[in-house]
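Colleague: I would like to go through this model with you. I will ask how each label is earned.
Modeller: Good. Here it is.

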Amino acid sequence: MSPPCTGGATRGRAAVQAVGLAAILAAAATAHVGADAARWFGVRGPRCLAGACLDPIGCPACGLVRSVASAVQGDLAAACRFHPGGALCAAALFAGFVAAASRAGRRRPLPWSQPLATVARRAFVAAIVLGWLVRIALHATPLIHAP
Ligand SMILES: [Zn+2]
């Protein structure tokens with residue numbers, strides 16, 4: 001059975017998703033990653049309110065921007081130090097981009113595009129949670145950078 005035709009609105013939404021994910025990946029590729037923050041043209045990236053109010057170990061996402069940027073730039077060791085789930089998040093962002101881009105340009109979606117999008121969303125969330133748990137378990141070791 002072939003997948004159903006998608007309407008223009010669905011293709012339009014997929015195009016917006018693809019452009020957004022491409023922008024995130026481009027920002028990750030162009031970031032200057034430092035020990036304290038990621039920067040673009042000298043401007044510091046976002047600060048985490050939860051990490052500022054709580055101990056950063058208590059925030060599941062602290063370090064994720066630096067980690068994803070490091071992973072996209074090919075520095076997997078740094079990515080793991082900033083957030084153990086960042087490399088998987090970067091892979092999930094790329095998979096989500098591929099899935100959205102494949103839906104955006106076709107009347108009939110490719111049969112793998114929707115399952116890939118679902119796996120990418122679930123992997124992204126799982127990477128944040130599992131990476132946070134790994135960071136909690138290993139935060140006192142040099143394997144993990146203090147967020
Ligand atoms: Zn945080």
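**How the labels are earned**

Modeller: Just after α3, G74 takes a positive phi of about 90°. Keep in mind that the model is predicted.

Colleague: What pattern does the protein chain follow along the sequence?

Modeller: The pattern reads α-β-β-β-α-α-α-α-α. That gives 6 helices and 3 strands.

Colleague: What makes α3 count as largely enclosed by the rest of the structure?

Modeller: Count its buried residues. A residue is buried if 20 or more other C-beta atoms lie within 10 Å of its own. In α3, residues 64-72, 9 of the 9 residues are buried, so the helix is largely enclosed. They are L64, V65, R66, S67, V68, A69, S70, A71 and V72. In the protein chain, buried residues make up 35% of the 147 residues.

Colleague: Which elements do the buried residues of α3 pack against?

Modeller: They pack against the helices α1 (8-30), α4 (76-82), α5 and α6, and against the strands β1 (32-33) and β2 (38-40).

Colleague: Why are α3 and α5 called roughly perpendicular?

Modeller: Their angle is about 65°, with the axes 8 Å apart. Angles of 65 to 115 degrees count as roughly perpendicular. Therefore α3 and α5 get that label. The crossing of α3 and α5 is right-handed.

Colleague: Which residues meet there, and what classes are they?

Modeller: From α3 come L64, S67, V68, S70, A71 and V72; from α5 come G86, A87, C89 and A90. By class, 7 are nonpolar, 3 are polar and none is charged.

Colleague: Why is α5 called roughly antiparallel to α6?

Modeller: Look at the angle again. Helix α5 (residues 86-104) and helix α6 (residues 113-138) pack at about 160°, with their axes 8 Å apart. Angles over 145 degrees count as roughly antiparallel, so α5 and α6 earn the label. Their crossing is left-handed.

Colleague: Which residues of α5 and α6 make the contact?

Modeller: Those of α5 include L88, A92, A95 and A99, and those of α6 include L116, A120, F124 and A127. The contact divides into 15 nonpolar, 5 polar and 2 charged residues.

Colleague: What share of the contacts with a separation of 6 or more joins residues 24 or more positions apart?

Modeller: In the protein chain, that share is 59%.

Key:
Residues numbered from 1 in each chain as written. Predicted model: local features only at pLDDT ≥ 70, side-chain atom pairs only at ≥ 80, totals over all residues. Axes fitted to C-alpha atoms, helices over the stretch in contact; angles between N-to-C directions. Helix = DSSP H or I, 4+ residues; strand = E, 2+ residues; numbered from the N terminus. Parallel < 35°, antiparallel > 145°, perpendicular 65-115°, else oblique. Left-handed = near helix turned anticlockwise from the far one by under 90°. Contact = placed C-beta atoms within 7 Å. Nonpolar A, V, L, I, M, F, W, Y, C, P; charged D, E, K, R; others polar. Buried ≥ 20, exposed ≤ 12 C-beta atoms within 10 Å, placed from the backbone.
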